[in-house]
Amino acid sequence: MYSKRKWMPICLAASIFHFPAAYAEEEASFWEGFSNKREAGGFLSLGLGASYGGGLLTNIATRPILNINGNYYFENGLFVEVPGSDSKFEPQWAMGYNLYNSSEWEFDVIFSAAHAHISYYGYVSNAYDERDLTGYVGLRVTGAIGSYQIQTILAPKADNSEYDGGAYASFWIAKSWQHKNWHFYSSVGFQYRNSAMLNYYYGVPYKSARVDPYQASGGVNIKLKLGFTTPVGKRWVVDGAIGLTDYATSIDDSPYSLDALNTLSNRSRLGRHISVTMSYVF
């Protein structure tokens, strides 16, 4: 009995000295995530193609498109991204700083756009009613859970010089797979804009012969995407994508949207987008 007990103080002392060392290693590896930046470098591709699409906000039509896709990451963590029409996540440009990297997740502070410019015509004195682009600074988290790619953005302040109090958030989940030289992806995204932002773009602050005053509430756009990329030469690639957008209820119910649906034959409650491009990779 005594021979067993006499080892207990030794084991206890060993455990006391062992665990702080393991904790110190774990703590050091955590803080290293702030200094482990993405590898410096980037790429650029330019392409031409055609798209067919539209919805509540634009006429459904076939259009030529110029596809610019690229990024560049600096050694100090700064970067610029232009995802092009083949992006499985947010289709917006972004500039930012790579804040933290782990083995599976990347954390970035980014500046980008939460809503594009909109122009209404003829509702007041046959003049244009301009609603400017809304920018934001937010936190972007990108990573993987199993075979799924995840990206989420949180921007509690998103506004412009004409309004304040806007907020933006998004969540995307995507799945990619490979078949010979064909790379395919599918994704679903949820884009939230609060009432201050949606009321700025889709609210009606006046009464006219065509629309009544309207206060828009916050809401979520749901986006579905399916796309592919395949090389057709040493520096040439072909990209294709199909997308659908289910607009937030407050956008559907806006008098601007309802007026467009009633007076224009090439508008739709469901946004759609089909595109094919051929690009040269520099």
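The points below comment on the predicted model shown above, moving from its overall make-up to individual strands, the nonpolar core and a few ring contacts.

1. Overall make-up. The secondary structure of this predicted protein comes to 5 helices and 15 strands, and of its 282 residues 39% count as buried. Among the contacts with a separation of 6 or more, 59% are accounted for by residues 24 or more positions apart. The accessible surface comes to about 16,100 Å², and carbon and sulfur atoms hold 63% of that surface.

2. Strand β3 and its two partners. Strand β3, residues 78-82, pairs with β2 (residues 61-73) in the antiparallel sense over 4 bridges, and β3 is also joined by 4 bridges to β4 (residues 94-101), again with the strands running antiparallel. β2 and β3 form a hairpin with 4 residues between them, and in that turn G77 has a positive phi of about 100°. E81 can be followed on both sides of β3, for it is the bridge partner of N71 and has A94 as its bridge partner in β4.

3. The two faces of β3. In a regular strand the side chains alternate between the two faces of the sheet. Along β3 the side chains do alternate, with F79 and E81 pointing to one face and buried, whereas L78, V80 and V82 point to the other face and are not buried. A reader checking this strand should note that E81 is on the buried face, while the three residues L78, V80 and V82 are on the other.

4. The largest nonpolar core. In soluble globular proteins, nonpolar side chains tend to be buried together. The largest such core here has 27 residues, and those with the most contacts inside it are Y136, Y168, M197, Y201, Y202 and I251. The elements that give two or more residues to this core are β5 (105-115), β6, β9 (148-155) and α3, with α3 giving the most, at 5 residues.

5. Tyrosines around positions 200 to 202. The search of the whole structure finds 17 aromatic pairs, one of which is the edge-to-face pair of Y200 and Y201, at 4.8 Å centre to centre and with 75° between the planes. Y201 counts as buried because its relative accessibility is 0%, under the 20% limit, and Y200 also counts as buried, at 11%. Y200 and Y201 belong with Y163 and Y202 to one aromatic cluster. Beyond its neighbours within four places in sequence, Y202 is in contact with L57, H115, I118, Y120, R131, Y214, A216, I251, S254 and Y256.

6. Helix α5. The buried residues of α5, which covers residues 255-263, are P255, Y256, S257, D259 and A260. These buried residues pack against β6 (118-124), β7 (127-131), α3 (195-202) and α4 (249-252). Y256 of this group is also among the contacts of Y202.

7. S170 in strand β11. Is S170, which has a relative accessible area of 4%, buried or exposed? S170 is buried, because 4% falls under the 20% limit. S170 is found in β11, residues 168-179, and, leaving aside neighbours within four places in sequence, its contacts are E90, Q151, T152, I153, F190 and Q191.

8. Charges over rings. Two placements of a basic side chain over an aromatic face deserve a look in the viewer: R210 lies over the face of Y123, at 4.2 Å from the ring centre, and K88 lies over the face of F89, at 5.8 Å from the ring centre.

Key
Residues numbered from 1 in each chain as written. Predicted model: local features only at pLDDT ≥ 70, side-chain atom pairs only at ≥ 80, totals over all residues. Heavy atoms only, no water. Buried < 20%, exposed > 50% of the residue type's maximum accessible area, 1.4 Å probe, protein only. Contact = heavy atoms within 4.5 Å. Phe/Tyr/Trp six-rings, centres within 6.5 Å; stacked < 30°, edge-to-face > 60°. Lys NZ or Arg CZ within 6 Å of the ring centre and 35° of its normal. Core = buried A, V, L, I, M, F, W, Y, C linked by side-chain atoms within 4.5 Å. Areas by Shrake-Rupley, 256 points an atom, 1.4 Å probe, with all protein chains shown as cover. Pairing = 2+ DSSP bridges.
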